[in-house]
Amino acid sequence: MTQPTQPSPNRGPGPGPQPPSRPAEAQKLGELIRTPGYRKTLVFCGLIGIPVSLAAFWFLAGLQTLEGLVWVDLPHALGHDTPPWWWPLPLLLLSGVCVGQIVTRLPGAGGHVPASGLHAGGPGAAALPGVVLAAVFSLPLGATLGPEAPLIALGGGLAIGLRHLTGTPETPMSTALLGAAGSAAAIATIFGNPLIGAVLLMEVVGVGGPQLFAVMLPALLASGIGSLVFTGFGHWTGLKTGDLSLKEPSGVQFPRLDAGDVLWSILLAAALAVGVHLVQYGGRLTAVRVARRPLTVTALCALAAGACAAAYSLGTGRSPVDVASSGQNTLAQLAGDPHAWGVGALIAVLLCKGAAFSLCLGSLRGGPIFPSLFLGAAAGVLCSPLAGFGVGAGLAAGMAAATVSALRLPVSSVVLVVLVLGSTEMIPVAILATVVALVTIELLPPGPAIPPVGRMHRPAVPAP
């Protein structure tokens, strides 16, 4: 065989090394950005951030006003300083009756069943009234759920609906991008941070490579521009619905981590993963029964959730709001003064709120994030007296483990915990707990499949 000729040292330099070719995925991304349709959709996603954020603000403000009226003003008008123990029973019974009617009579079944997890995008315009009404009759009346799932549906649905007013081409890609962008802009309002909306929606969509960037850009743009509604711009001072951060004066300290924090965080994460799995399993069983007899079973499950809150109030002497709520406000109270909660109260709230959460997951409408954060925080505070374990590490590990167990979204769970704590010192513990909990819950057997219920409305998507 002829040996390849070696260049002579006396010859001039040959051609230099060729630059590496651009990766195929990067080329696809560049081609996508050069597409006129994608650029037009990207611009429109930026424009819809403001109206979607305004709609999300008024939706949240309305829910908060109704909640204050039902749980503060009305008890005071009847001569009670705090809601009496029996207060959740009639409210949640009314909630179950109304949501059952909405699920069976309106298109869209009031939105996705919370036990099935978060879903990206938005429903058709015909389903939006049912989504809003189901949230209004669930959350202010005491459902142990958060507002994030209705917000995602509202933001995505509004973005898709506004597309028709501008004549933007209707393609499968534009529908997916607009739904994700609108959902990200809306969900950012409840967390007070535009980044978490984009991160959460990217993980919910579950895409990678060029598709990840295709979804990321509109979601970031819409949530970033929409956040001007809350941060202010020029003479505009912004609107406030409250945020999730516990950075205000609180009893939480974040000392240097040690071996005890790491060890107990691992054990706590594994235990919480099992506990949240049981809650979700119960929620799926509830959803199966609701699908068979929506009107009756929805009302009974909502009443049973109210009974959990009533039993907690009777047994501890504390307000039933600790159980009959999303947990957002109670979480701030728990972190602000963790020593005000005795061991018995913490165990009672874990059991009663966990049971109410499970019932509401399969029957009413809302999201799983806030109750999961609260359950994780309560478990962390309960375990914090263990040798070498602090309240700060307990909160971080508990919230991260419970949230990732409920959502199966590891990056979003860590970002949420950092946002809630307002500190980066506990990031290693949060990451460790997230990984341990996610691996643990993925090894557990899945629950039963959730059948469709009510008049599920799925807007038709035209062929490309």
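Reader: Which residues in helix 14 meet helix 15?

Author: Ile 369, Ser 372, Leu 373, Gly 376, Ala 377, Gly 380 and Val 381. On the helix 15 side they meet Gly 394, Leu 395, Gly 398, Met 399, Ala 402, Thr 403, Ala 406 and Leu 407. Contact means heavy atoms within 4.5 Å. Helices here are DSSP runs (H or I, at least four residues), numbered from the N terminus, and strands are E runs of at least two. This is a predicted model, in which local features need pLDDT of at least 70 and side-chain atom pairs count only at pLDDT 80 or more, while totals for chains, interfaces and linings use all residues. Residues are numbered from 1 along each chain as its sequence is written, and side-chain values use heavy atoms, with hydrogens and water left out.

Reader: What classes of residue are in that contact between helix 14 and helix 15?

Author: Nine are nonpolar, six polar and none charged. Nonpolar covers Ala, Val, Leu, Ile, Met, Phe, Trp, Tyr, Cys and Pro; charged covers Asp, Glu, Lys and Arg; the others, Gly among them, count as polar.

Reader: At what angle do helix 14 and helix 15 pack?

Author: About 145 degrees, with the axes 7 Å apart; helix 14 is residues 369–383 and helix 15 is residues 391–407. Axes are lines fitted to C-alpha atoms, for helices over the stretch in contact, and angles run from 0 to 180 degrees between N-to-C directions. The crossing is right-handed. That word applies if the near helix is turned clockwise from the far one by less than a right angle, and left-handed if anticlockwise.

Reader: And Thr 403, buried or exposed?

Author: Thr 403, in helix 15, is buried, with a relative accessible area of 0%. Buried means under 20%, exposed over 50%, and partly exposed in between (1.4 Å probe, protein chains only).

Reader: What does Thr 403 touch?

Author: Leaving out residues up to four places away in sequence, Thr 403 touches Ser 372, Leu 373, Arg 408, Ser 413 and Leu 416. Ser 372 and Leu 373 are among the helix 14 residues that meet helix 15.

Reader: How does helix 10 cross helix 15?

Author: At roughly 35 degrees, with the axes of helix 10 (residues 259–292) and helix 15 coming within 8 Å. This crossing is right-handed. On helix 10 the contact includes Asp 261, Ser 265 and Leu 268, and on helix 15 it includes Ala 393, Gly 394 and Ala 397. By class there are ten nonpolar, five polar and one charged residues.

Reader: Moving on to helix 17. Which of its residues are buried?

Author: Val 429, Ala 430, Ala 433, Thr 434, Val 436, Ala 437, Leu 438, Thr 440 and Ile 441. Their cover includes helix 10, helix 15 and helix 16 (410–421).

Reader: What does Ala 430 touch?

Author: Ala 396, Ala 400, Val 414 and Val 417, not counting residues up to four places away in sequence. Ala 430 has a relative accessible area of 1%, so it counts as buried. From Ala 430 to Val 417 the C-alpha distance is 7.2 Å, over 13 residues of sequence.

Reader: What span does helix 11 have, and why does that agree with its 23 residues?

Author: Helix 11 (residues 294–316) should span 33 Å because each residue counts 1.5 Å, and its end C-alpha atoms are 33 Å apart. The expected span is 1.5 Å times one less than the number of residues. Just after helix 11, Gly 317 has a positive phi of about 80 degrees.

Reader: Where is Gly 117?

Author: In the loop between helix 3 (88–105) and helix 4 (128–136). Gly 117 is partly exposed at 24% relative accessibility. Its C-alpha lies 7.5 Å from that of Pro 368, although the two are 251 residues apart along the chain.

Reader: How many aromatic pairs are there?

Author: Three, counting rings of Phe, Tyr and Trp (its six-membered ring). The centres must lie within 6.5 Å, with planes under 30 degrees apart stacked, over 60 edge-to-face and the rest tilted. One of them is Phe 57 with Trp 58, at 4.8 Å between centres and 70 degrees between planes, so it is edge-to-face. Phe 57 is buried at 8%, whereas Trp 58 is exposed at 58%.

Reader: What about the whole chain: how many helices and strands?

Author: 17 helices and zero strands. Of the 464 residues, 51% count as buried.
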